Amino acid sequence: MASRVVMPKLSDTMEEGRILRWLKHEGDTIETGQALAEVETDKATVEMEAYTSGTIRKLISTEGQFVKVGDLIAIIGAPGEDVSALLPAAGAPAPAAEMTPSAAPAPAAAAQAPQAAPSPAAGPPAATGRSLKASPLALRMAAEAGLDLGRLQGTGPQGRVIKRDIEAALAQAPAAAPASQPAPQRARSLSLVAARESGPESQDVELSPVRRTIAKRLVQSKGPVPHFYLTIDVAMDRVWDAYKALRDQKSSISINDIIVKAAALALRQHPEINASFAGDHVKVYSRVHIGMAVALEDGLITPVLRDADLKPLEEISEEARSLAERARAKKLQPNEYTGATFSISNLGMMGIEEFSAIINPPEAAILAVGAVRQVPVIVDGAVTVGWRMKATLSVDHRVADGAAGARFLQTLRKFLEHPLLMA
Amino acid sequence: MALITYRDALNQALREELRRDPTVFLMGEEVGVYQGAYKVSKGLLQEFGPQRIVDTPITEEGFAGVGVGAAMAGLRPIIEMMTWNFSLVAIDQIVNGAAKMLYMSGGQFKIPMVFRGPGGAAHQLAAQHSQSLEAWYASVPGLKVVAPSTPYDAKGLLKSAIRDDDPVIFMEGETLYGSKGEVPDEEYTIPLGVTDVKRRGTDVTVVAWSKMVTVALKAAETLAAEGISCEVIDPRTLRPLDDGPILESVRKTNRCVILEEGWPYAGVSAQIAYQVQQGAFGDLDAPIARVTGLDVPMPYAKNLEHMVMPSPARLIAAVREVLYLD
């Protein structure tokens, strides 16, 4: 696995360093701790050590060049490994090629005039209050209404989105009122939802040094979200029986509805999976909002079943159907497809036996549900016919480890194999 | 309620406090025999005698220092600056003496005194005699700074300033002396550090003090005819600043314009703008605007003087800008 070598901060006040001399050449091997280059800082000339072992694949900075702290100077990897992805984008000029603004080709100038150091023009243009794309009030109103600011045309100076633009957007699309829903059945879950609404939305859990390192290391391997996958085989006989019985009673509750409910309850018991990675901490959500992937003709969208752990099956079923229908008709409001804390993708009805799903950031996990199928199973030493389903959990390794994911899956299986536990 | 001038309201406050407390005395240039350069101390020499109404030579630094000493010795001096422009020769006594004495004496000497006099531009008094120095004094820990806009506020605040145990910079508006307003017949005081709403409105918050309140109210009247409702807020005391009512207003209107007669750079309006964005950032729909005196010494020529001073027209333009109307 190739890694980037950047200009390290070798003193408290160092902002840039000058590569005086490379001590290794491209193709040389290097060990962690071996000197890679002589670097002149604002304080002294020091030897810069490699933080990783491997082969020097590319020396990007030239001797004598000033490089800003954090900028790429070399790549260390395995011989023959493709490192092109780590190189500066082809379009952007390599730092070494930074010349005078007049495009006059003066190849010697750069080498002879090392004082022509980092161009301050490299940064973004100085921001002024006028360059904001939305007023603070508009930002807050959009967040509260679940509006996607990017979709709004601002009428303020330089297209700034302001209060009147939000008001116009809200007037155009009044929040799709859940028209005349049967109420009484809802009362209990509504009061529970209200109680949870008054509590904190989430809790920030500090990262331990170990978790910090895991986060950093794994992003290097698969970024930006380092996935791992756990698959479990679930006996669905009882769910299948329950589903059939419900269907006979003309109920429209589906197997997927039961899985949503089971996953929501399992999340309640394993809040570490109902979380987000937030850079220097993990956000553990107080509420369980399940995003359910709905295939569209030209893509997919994940409408959100809020507080799924609190709602009875019938309500989940009704809401899921309504969300899915409106998703296919592209009539969802932005607040109906944002804010999930966990997602479920079910390709079982399309005959997929098992698969791995990609996490929907910033959620920490997604459950990929395969088909419920009849298979030969061994019970008490004898082969018999059973209903089985495979479910695969993808987990953000920065947030949780394999054992935590496995425990969640065990709880999920317990609920599905003993559906009465959900009541 | 009597309709009286700002000058007479101040005169009443001085008279009432001189009667109330024998340790109070007034000192300054022309305060006695001449009855005050602006007639604020009219009749006081006759009533209280030369021991308590003290005429001084033209020596601002000297009598400011005498005042600090008198305050340390237990009296309650009121030091009149003929105008605040002249305080610049006394500023060492004010900033290094009055403001710091309580701190540097470890709490042994309180300085219960008032420095008062007219501030701001009048008409064609030119660069040296037209300055608004509230930002200078408001930046000093240890001082309180008051700048009333109406006869009612002037009287109630001056009485509180005289009774206050800390040095108070009391800046009167030179062109406000003749303005009239209703003042209760019975005694009253207004506590320092309490912001007042001068006009209720819903569309934009306009902050102004001293004679800029007049400018703000005039602009608000014009804007009301266009259907724009301004809320005019007068902090009255610039240090300590009571920003609660300002923030409350901005949370309602989502926009704020601050008016200041003085210079723009590091002005009191800059401080207020900072506090508004800190306290009500998520409620702002437009950048906070300031309308101030221009960044130049005051010109003598009448037409240029008008260009430098904040006017209702400039305020109206700023209000329209924060309302995204142009």
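This passage walks through the fold of chain A, one of its sheets, a helix pair, the end of the chain and the contact with chain B.

The model is a predicted one. Chain A carries 9 helices and 19 strands, and 29% of its 423 residues count as buried. Looking at contacts within chain A between residues at least 6 apart in sequence, 64% of them bring together residues at least 24 apart.

One open sheet in chain A is built from 6 strands, running in the order β10-β19-β18-β17-β13-β16, with mixed pairing. Its edges are taken by β10 (227–235) and β16 (304–305) of chain A; each has a single partner strand, so one side of each is left without a neighbour in the sheet. At the β16 end, β13 (residues 290–292) and β16 of chain A pair in the antiparallel sense over 2 bridges. G291(A) has V304(A) of β16(A) as its bridge partner. Helix α7 (residues 255–269) of chain A packs on this sheet, where it touches β13, β16, β17 (342–346) and β18 (365–379) of chain A. The direction of α7(A) makes about 155° with that of β17(A).

Besides the sheet, α7(A) has a helix to pack against, namely α8 (residues 313–328) of chain A. The two helices meet at an angle of about 115°, their axes 9 Å apart, and the crossing of α7(A) and α8(A) is right-handed. From α7(A), the contact draws on D257(A), I258(A), V260(A) and K261(A), while α8(A) supplies L313(A), I316(A), S317(A) and A320(A). Sorted by type, the residues of this contact between α7(A) and α8(A) come to 5 nonpolar, 1 polar and 2 charged.

Further along the chain, L421(A) sits in the segment after α9 (402–417) of chain A. Is L421(A) buried or exposed? L421(A) has 12 other C-beta atoms within 10 Å, and 12 or fewer makes a residue exposed, so L421(A) falls in the exposed class. Leaving aside residues up to four places away in sequence, L421(A) touches K414(A) and F415(A). There is also a link back to the α7 part of the story: the C-alpha atoms of L421(A) and A262(A) are separated by 9.4 Å, with the two residues 159 apart along the chain.

That leaves the partner chain. Here, 9 residues of chain B are in contact with 9 residues of chain A. On the chain B side that touches chain A, the residues split into 5 nonpolar, 2 polar and 2 charged.

Conventions
Residues are numbered from 1 along each chain as its sequence is written. Chains are lettered from A and ligands numbered from 1 in the order in which they are written. This is a predicted model: local features need pLDDT of at least 70, side-chain atom pairs count only at pLDDT 80 or more; totals for chains, interfaces and linings use all residues. Two strands pair if DSSP finds at least two bridges between them. Helices (H or I, at least four residues) and strands (E, at least two) are DSSP runs, numbered from the N terminus. Two residues are in contact if their C-beta atoms, placed from the backbone, lie within 7 Å. Axes are lines fitted to C-alpha atoms, for helices over the stretch in contact, and angles run from 0 to 180 degrees between N-to-C directions. Ala, Val, Leu, Ile, Met, Phe, Trp, Tyr, Cys and Pro count as nonpolar, Asp, Glu, Lys and Arg as charged, and the others, Gly among them, as polar. A residue is buried if 20 or more other C-beta atoms lie within 10 Å of its own, exposed if 12 or fewer, and partly exposed in between; C-beta atoms are placed from the backbone. A crossing is left-handed if the near helix is turned anticlockwise from the far one by less than a right angle, and right-handed if clockwise.
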